[in-house]
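Here are a few short exercises to work through with the model open beside you. Try each task before you read its solution.

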Amino acid sequence: MVQTTITVTVDGTSYTDQVEPRMLLVQYLRETLGKTGTLIGCDTSNCGACTVHLDGVSVKSCTMFAVQADGHEVTTIEGIAGADGLHPMQTAFHENHALQCGFCTPGMIMASIDLLRENPNPDEQMIRDGLEGNLCRCTGYQNIVKAVRSAAETEAAKVELGATIPVGQPS
Ligand code: FES
Ligand code: FES
């Protein structure tokens, strides 16, 4: 069986592994590294449950091969909390009751962080458009939108106070 050696930094730790060229990034994260916080919700690249950041930009990790992440930096839901606690987006989801079953939540949070990186002050429609690649079967999206707005306001407040914690970076 052909194997390729890859070196990937995941959640701040460098890993070197032998992988089959056909192994998906999401499989590598879950099965090789045990990062099961990144979920698989479909086999059609539609749901977004597998969303992670590749060099800071959100990607569906079921849509790329592990070998394509060679030499890159991957951040999963398991790598965004800081020493002081939850990432501001995790806190916003918690405080705004933006989840029910929670299956979409890891991917939704990773996509939301990237959304604010691109547009720190999105309105409701921009949030809905920005998250259209992430499906939620439970919440009706209302509280997810509220959570992202709330995270945006929190980040804006921090910038105003000169105590910026960049969205997408561990606090
Ligand atoms: S598992 Fe559904 S989009 Fe990746
Ligand atoms: S909270 Fe259940 S799928 Fe979103």
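**Exercise 1: a turn after a helix**

Task: find the backbone phi of H97, just after α2.

Solution: H97, which comes just after α2, takes a positive phi of about 50 degrees. Helix α2 itself spans residues 88-95, and P88, M89, Q90, A92 and F93 are buried in this helix. Helices here (H or I, at least four residues) and strands (E, at least two) are DSSP runs, numbered from the N terminus. Buried means under 20% relative accessible area, exposed over 50% and partly exposed in between, with a 1.4 Å probe and protein chains only.

A word on the source: this is a predicted model, where local features need pLDDT of at least 70, side-chain atom pairs count only at pLDDT 80 or more, and totals for chains, interfaces and linings use all residues. Residues are numbered from 1 along each chain as its sequence is written, and side-chain values use heavy atoms, with hydrogens and water left out.

**Exercise 2: charged pairs**

Task: work out which residues are linked with R117 in a network of salt bridges.

Solution: Start with the criterion, a side-chain nitrogen of Lys or Arg within 4 Å of a carboxyl oxygen of Asp or Glu.
- Step one: R117 and D114 meet at 2.7 Å, N to O. They are three residues apart in helix α3 (residues 105-118), so about one helical turn separates them.
- Step two: E118 also forms a salt bridge with R117, at 4.0 Å, N to O.
- Step three: D114, R117 and E118 are therefore linked in a network, in which D114 is buried at 8% relative accessible area, R117 is partly exposed at 40% and E118 is exposed at 62%.

The structure holds six salt bridges. Another of them joins R149 and E153 at 3.0 Å, N to O.

**Exercise 3: the sheet and its helices**

Task: which strands stand at the edges of the sheet?

Solution: First write down the order, β2-β1-β5-β3-β4, in an open sheet of five strands with mixed pairing. β2 (13-19) and β4 (57-60) are the edges, because each has a single partner strand. Strands pair if DSSP finds at least two bridges between them. One such pair is β1 (residues 4-10) with β5 (residues 73-75), parallel over two bridges.

Next, add the helices. Helix α1 (residues 25-32) lies across β1, β2, β3 (51-54) and β5, at about 105 degrees to β2. Helix α3 lies across β3, β4 and β5, at about 40 degrees to β3. Contact means heavy atoms within 4.5 Å; axes are lines fitted to C-alpha atoms, for helices over the stretch in contact, and angles run from 0 to 180 degrees between N-to-C directions.

Definitions and conventions. Chains are lettered from A and ligands numbered from 1 in the order in which they are written.
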